[in-house]
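User: Could you take me through a few features of this structure? I would like to begin with a pocket.

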Amino acid sequence: MANVRQGVLARALSPELSRRCFLRGALGAAVAAAAMPLAACGGGSTAGGDEGGAAVLRFGTSNPGANVDTQLTSNTIGISENVCDTLVTLDPVTQEVKPLLLTALPEVSEDGLTYSFELKSDVKFHDGTVLTANDVKYTFERLFKLKSQTDSYTYIVGAQDIIDDKATELAGLTVVDDTHFTITLTQVYSSFVRMLCQFYASIYPAAACEAAGDNWGIGTDFIGTGPFKIESNDDTTECVLVAFDDYHEGRPALDRVEITYIDDAGSRVMSYQNNDIDLCFVDTSLLEQYKDDPEISAALVYYTPAATQFVNLNLNGPEFQDIKVREALSLAINRQELCDTILSGAALPCTGFIPPSESGSDPNGTVLEYNVDRAKELLAEAGNPTISFTAKVRPVDENVMVAIQAKWQEIGVDCKVETMDPQQWRDDRAAGNLVCTLVTWSTLSFVGVEHMGSFFTSDKASLRSSFYNSPEFDAYVQAARSAMDEAEVTENTIKADNKLVREDFGTIPVDWPQNPYVLREGFNGLEVLVDFHFKHVTKA
């Protein structure tokens, strides 16, 4: 059987979406969780990774090409999340926020602005030093000084002053003693505690981080309080994690996680078949090839992350100024067909921007309409403009973009598709140079308004080659962020989604990707929240 893991909050999917969760005839009921402990149905191979009686999990993945300092990059393929802890964490089954480095969730003042925290006592970093509130203060001050992954935390009093080089200390974080501290916000922020679950907010040891300097996150110069520590890391071929005996939640059952860098998607699956690795993602382009392979198809697990793939239109350009043109482009895309064919069933067609795995998604949403005749009518109403442009995409997105190109051609739109180097693509997107492209945008918090707002509010869209600028959309996002009532948060989030996608057609959501992976029989307890978490994995 195939395993399906749906990243869905504790609420029911619509019947139609529930049906689509069962890819390739998977049996059972849809699972209402981002990542439940699982027992993968294995193939004919025996469980690998037994080295002298040690419990070893061998993970094959592409080389992220970046250091593992989460304050600088999100491309860490799960290393950082297993080495470092955050103050709070998302429960992998319910997605409720739970304390991790804290004794309890923070207490909030009546005005919703001040949060009081208590750290667990005697939590150790991998070098044996004990976590204190000063490490927390250092971590956030460093985050703002680096000016990198700060979007979720700028509501902390004094954060913007550090970002603007007007201060070096964070005024809104007050250390009371070694285990007690407070954080004060500039305004009510409904998502604040959940934002602390993101690995951008992993807590670093001040002394070790300062001593490492620019080498922090390179090689073995990276430690935390997490369940695993880095034994070796050559940044090129492999990284080896070993169990941390003094982990504050108890030593993990796995002794080692051996991460091997295998860039080619096909080679990763072959390594799994050859019993050289126990775990790897399977590229959706390979699903058709392996659908009749009993070993691969039986071990496949479909995990739905909090991610949306969408066509990003540069609204500064003349091609997309007319809203009727943008609506026509959306209507021309057959999302269900694309998910079933090009994406080999490893995706769900969008009903809006926010996927069902996140808070604030519309439970009554229907798949965005496919209507070629109406698309042609809209172009006629727009004066039958000659629309010609180039969509520049990364190689990984070429197949989907070419499929969309063919649909647009049916309504008379001339779209050329060019692939480009991923780093150049990122640079051009940030510079506002991409006229049209495909983007897969993910969130670490499973909060819909943050997922959507981090790309499309007017202050962010100008940095993403979008330039969407709607005061009404911005107001809905702000209302959701500042509401203390959950129903009010949801209401304004849905309004923002509808404004962006169904009224302004400011972007064109296509699908909610699924990330298929294979895990060898005998391993249980793997958790997936954006990346793999290994601390509860056991090996039979």
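Analyst: Certainly; please note that this is a predicted model. The lining of the second largest pocket is made up of 22 residues, and Ser190, Ser191, Arg194, Glu486 and Val489 are the ones nearest its centre.

User: Which elements give two or more residues to that lining?

Analyst: They are α5 (192-195) and α18 (486-503).

User: And what is the volume of the second largest pocket?

Analyst: Its volume is about 670 Å³. By class, the lining residues of this pocket comprise twelve nonpolar, six polar and four charged.

User: Let us turn to helices. How do α15 and α17 cross?

Analyst: Two packed helices are described by the distance between their axes and the angle between them. For helix α15 (residues 448-456) and helix α17 (residues 471-482), the axes come within 11 Å and cross at roughly 140°. The crossing of α15 and α17 is left-handed.

User: Which residues meet there?

Analyst: From α15, Val449, Glu450, Met452, Gly453, Ser454 and Phe456 meet Phe473, Asp474, Val477, Ala480 and Arg481 of α17. This contact of α15 with α17 has six nonpolar, two polar and three charged residues.

User: New topic: how many aromatic pairs are there in the whole structure?

Analyst: A search of the whole structure finds 24 aromatic pairs. One of them joins Phe389 and Trp408, edge-to-face, at 5.8 Å centre to centre with 65° between the planes.

User: What does the pair tie together?

Analyst: Phe389 belongs to strand β17 (residues 388-393) and Trp408 to helix α13 (residues 398-410), so the pair ties together parts that are 19 residues apart in sequence.

Definitions and conventions: Residues numbered from 1 in each chain as written. Predicted model: local features only at pLDDT ≥ 70, side-chain atom pairs only at ≥ 80, totals over all residues. Heavy atoms only, no water. Axes fitted to C-alpha atoms, helices over the stretch in contact; angles between N-to-C directions. Helix = DSSP H or I, 4+ residues; strand = E, 2+ residues; numbered from the N terminus. Left-handed = near helix turned anticlockwise from the far one by under 90°. Contact = heavy atoms within 4.5 Å. Nonpolar A, V, L, I, M, F, W, Y, C, P; charged D, E, K, R; others polar. 1 Å grid on protein atoms, 1.4 Å probe; cavity = no way out; pocket = protein on both sides within 12 Å on 5 of 7 lines; lining within 4 Å. Points joined across faces, edges and corners; volume = space filled by probe spheres on them. Phe/Tyr/Trp six-rings, centres within 6.5 Å; stacked < 30°, edge-to-face > 60°.
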